[in-house]
Structure formats: structure tokens, C-alpha cells
There are 2 protein chains.
Amino acid sequence: MSARALPYRPHNHDDCVSQALAEARAICQEQHARLTPTRERVLELIWESHKPLGAYDVLAKLASEGHSAAPPTVYRALDFLQQYGLVHRIASLNAFIGCAHAGEHHTGMFLICRSCGNALELTDTTVSKAIHEAAGAEAFVTEAITLEIAGLCPSCQGEQPNG
Amino acid sequence: MSARALPYRPHNHDDCVSQALAEARAICQEQHARLTPTRERVLELIWESHKPLGAYDVLAKLASEGHSAAPPTVYRALDFLQQYGLVHRIASLNAFIGCAHAGEHHTGMFLICRSCGNALELTDTTVSKAIHEAAGAEAFVTEAITLEIAGLCPSCQGEQPNG
DNA sequence: CTGCGGATGTTATAATGTTACAAATTCTGC
DNA sequence: GCAGAATTTGTAACATTATAACATCCGCAG
Ligand SMILES: [Zn+2]
Ligand SMILES: [Zn+2]
Ligand SMILES: [Zn+2]
Ligand SMILES: [Zn+2]
């Protein structure tokens, strides 16, 4: 598995998509989960870019391609994809993004550019270890971590320092 | 300024409230910001417990005490309070909680118990340093950090390990 | 008094997410 | 293949969270 492209750098994004879909198929097969056409299409739409996409944006794209769809269709697909670690929900944006480390049992940390909207998923053991230790020091049992960093990506610095 | 009580331990919570209000008044005076009755009352309601409170919960409490109020009233007060660092928004819960470190220029990290609902705000320099370094390694300019840990607080462990 | 700016009131609406139940599809044991 | 069970999908209504737009009030400077 090659290194991931940085979202805010020009890159052949079709590779991102096909790699994500291939991994998804493999993971679902291994886990005996059914990556149905709707679920796969939703995953593909989420991967259309590296910008987190709202559920209703996905819904609109589905509708625009003739797929009769209502909110539960999308939310169910997204729930499924989250369950198998194929997408993440970005709580601070009410939006969803494809997981860049599917199947790797990781704690995602997202760098979200407020200018271009792209999000980069990182895993950093120093960070997650520090978090677990801080929580452990309070005798708290960690189950889920939401870590989202808003700011400016390298490409957007200098251009518009302010909104 | 004494150490804060742990939210999930029995404590004299009136002290939490009065300390928070006193700090808020001091901060607003210093910053030439107007802590109007509505804003102060909203802050007080947020501080009614250590559980994050939804905007519409605040609204209901205001209404129940005769204060004619609509959503914008609450959201405006919450915006103001956030702006002056007196409350935090918990993105993963769509809820708000009083800041335990008002005026201290900090990055809050929240331990949120899924059983009792209480949230503890920590500041941990090891964690924030690790986060800033990880973001810096990607040449990302950090502006805001959302860090919310869901799990079980000490008081709730053992009782109901599952939902 | 008068005008100005911040704060609030009021109504309506947008955006996000869920419940409930019916219909269709897929799987399983035979 | 076929009956029944389980999963998935369709559909309509609804719940929750948040904002837009505009009128009004209030404290204060001139
Ligand atoms: Zn890409
Ligand atoms: Zn991931
Ligand atoms: Zn308390
Ligand atoms: Zn705080």
C-alpha cells in the first residue's frame, strides 16, 4: 500500500477513489458484510473529493443521478460505512469523509482547512498516547476520540490569512 | 483560585456556579463586554450541572421561568459566552458546557461519560503540544482544536459496562 | 430631544437527523 | 427450487438543531 497523496496537493485523485473502493470491497468481504450498490455508491460519492461532505449533499448527488432516495437511505449507508471503518463523521462540520486508513484500527485526527475545505486524516501515536494517558490519569475509560483541528493548510497560507 | 471539583464526585456545586459567575463578571468587565441579564442567566443555566446542555434545553428552562424566549435569544447568548471563553460547545453532542478554565487561554479536552453524561474539562500540555507538533509536521496552521473523549467516568465503571 | 449602535423580540425557515412501518431482496435450511 | 427468516430498501412523517430577516427597545453621545 503506497503512501497517501496529500489532499491539498494536486494528485491523481482517481487513484484515491479506486484504492478506497478496493479496500472497502476487501474489508467487507473479509467481514461478511454486504457492500450493496447503494452503500458502494455512497462511499464513492464521499470520496469524490477530500472535502467532508454533508449527508444532504450525498442525498442531492444520489437524487441528481436518478436514484430515488430519502434521508434514511443516506444515513443508513453512512452508518454502515462508519461501522466498518470506511468513513468518519466530522462532528464539527456535520459531515462525512472517507477513511484514509481503513482496516488499520486507528484513531483518526483530522486537519481541516477552513479555506479550501480539504481534510487530511492523520494517525499519530504520540498524540493518541498522550490522550489515553491524560484520560487514564483521571481514571476515565476511553471509548471514542473526536479530534478535529481547524486551521489553514499549507496551500492556503499566505493567500487569505483571514476569512 | 482553588482546584476544581470533579464533576462526577459529590461536591458543593453551588460553589462551582458562583465561582463561574464571579469569573464571568470579572472577565466581561475587564473586556468591556456587557454581561446582560439574559446572558448571565443563560450562563447560570448552563452551569446548573456538569452535563453539557442543549440550546433547546436552555430555551425550555428560560421559558419555564416565564422568560419569553425564542431560539435566537439562546443562540445569541451562547455565541457571546463562547466568544468570551465562558462556555464551550461540545460538537459531538450539539451541546454546551461551562468553561472550567475561563480566562486562562487554554485548549479544552473533554472527558464525557456516556453513562452519567457528566463532562470534565482538562488541559494537558503534553496533549496539546503533541497535537500542535503533529499539525506542524504537516505545515498546517492550527486555529482551533476539538478534542472530545467519550467513555466511562470512574463512578460509572463496573455498574453498566454496556449501554 | 435626537440619532446611533448594541441588544433583544418575533416570525419564519433552513439544515440536520430519526422513527415507524411497508415492501423488496437476499440468505438459509430443506 | 421453495418456504420462512433475516437483512436491506422505500416512503412518509416527524424531531432536533440552527439561522435569516426585520422590527423594536434601550442606553448613551451630541
Ligand atoms: Zn485524492
Ligand atoms: Zn480513518
Ligand atoms: Zn460542580
Ligand atoms: Zn474551557
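So, how are chain A and chain B related in this predicted model? A turn of 180° with a shift of 0.0 Å along the axis lays chain A on chain B, and the RMSD is 0.1 Å. That is the relation of a two-fold axis. If you want to find the axis on your screen, look for A:L147: of the residues of chain A, this leucine comes closest to it, with its C-alpha at 2.3 Å. And how do the copies meet? They meet through the same surface, because 100% of the interface residues of chain A are also interface residues in chain B.

Let's go to the metal sites, starting in chain A. Which protein atoms hold the zinc ion that is ligand 2? The donors are NE2 of A:H88, SG of A:C99, NE2 of A:H106, and A:E121, which is listed twice through OE; they lie 1.8 to 2.8 Å from the zinc. Along the chain, these donors follow the spacing H-x10-C-x6-H-x14-E. The site ties together distant parts of the chain: A:H88 sits in strand β1, residues 87–90, while A:H106 is in the loop between β2 (95–98) and β3, 18 residues apart. Are these two histidines buried or partly exposed? A:H88 has a relative accessible area of 18% and is buried, whereas A:H106, at 23%, counts as partly exposed. The cut-off for buried is under 20%, so those two values fall on opposite sides of it.

Now over to chain B, where the zinc ion is ligand 4. Its protein donors are B:H88 (NE2), B:C99 (SG), B:H106 (NE2) and B:E121, again listed twice through OE, at 1.8 to 2.8 Å from the ion. The donor residues here are spaced H-x10-C-x6-H-x14-E in sequence. For this copy, let me pick another pair: B:H88 in strand β1 (residues 87–90) and B:E121 in strand β4 (residues 119–122), which are 33 residues apart and link distant parts of the chain. B:H88 counts as buried at 17% relative accessibility, and B:E121 is buried as well, at 7%.

That glutamate brings me to strand β4, so back to chain A for a moment. Strand β4 of chain A, residues 119–122, is covered on both faces. A:A119 and A:E121 point to one side, A:L120 and A:L122 to the other, and all of them are buried. So A:E121, a donor to the zinc ion (ligand 2), belongs to a buried face of this strand. What does β4 pair with? Its partner is strand β3, residues 109–113, in the antiparallel sense over 4 bridges. Within that pairing, A:L111 stands opposite A:L120. The hairpin of these two strands has 5 residues between them, and there A:G117 takes a positive phi near 85°.

On to cysteines. How many disulfides does a search of the whole structure find? It finds 0 over all chains. A:C28, for instance, is in no disulfide, and its nearest cysteine sulfur, that of A:C99, is 13 Å away. A:C28 is buried, at a relative accessible area of 2%. In chain B, B:C28 is likewise in no disulfide, with the sulfur of B:C99 nearest at 13 Å. B:C28 counts as buried too, at 2% relative accessibility. Remember that A:C99 is a donor to the zinc ion (ligand 2), and that B:C99 is one to the zinc ion (ligand 4).

Last topic: salt bridges. There are 10 of them over all chains. In chain A, A:R25 bridges to A:E40, with the closest N and O atoms 2.8 Å apart. This pair links helix α1, residues 13–30, which holds A:R25, to helix α2, residues 37–46, which holds A:E40, across 15 residues. A:R25 is partly exposed, at 42%.

Chain B has a bridge between B:E40 and B:R25, also with 2.8 Å between the closest N and O atoms. There, B:E40 lies in helix α2 and B:R25 in helix α1, 15 residues apart. B:R25 is partly exposed, with a relative accessible area of 42%.

Back in chain A, A:E48 forms a salt bridge with A:K61, the closest N and O atoms being 2.8 Å apart. A:E48 is in the loop between α2 and α3 (55–64), A:K61 is in helix α3, and 13 residues separate them. Both are partly exposed, A:E48 at 44% and A:K61 at 28%. And to finish, A:R41, A:E44 and A:E65 are joined in a network of salt bridges.

Note on methods:
Residues numbered from 1 in each chain as written. Chains lettered and ligands numbered in written order. Predicted model: local features only at pLDDT ≥ 70, side-chain atom pairs only at ≥ 80, totals over all residues. Heavy atoms only, no water. Buried < 20%, exposed > 50% of the residue type's maximum accessible area, 1.4 Å probe, protein only. Pairing = 2+ DSSP bridges. Salt bridge = Lys/Arg side-chain N within 4 Å of Asp/Glu carboxyl O. Disulfide = S-S within 2.5 Å. Donors = N, O, S within 2.8 Å, 3.2 Å for Na, K, Ca; no water. Least-squares fit on C-alpha atoms with pLDDT ≥ 70 in both. Contact = heavy atoms within 4.5 Å.
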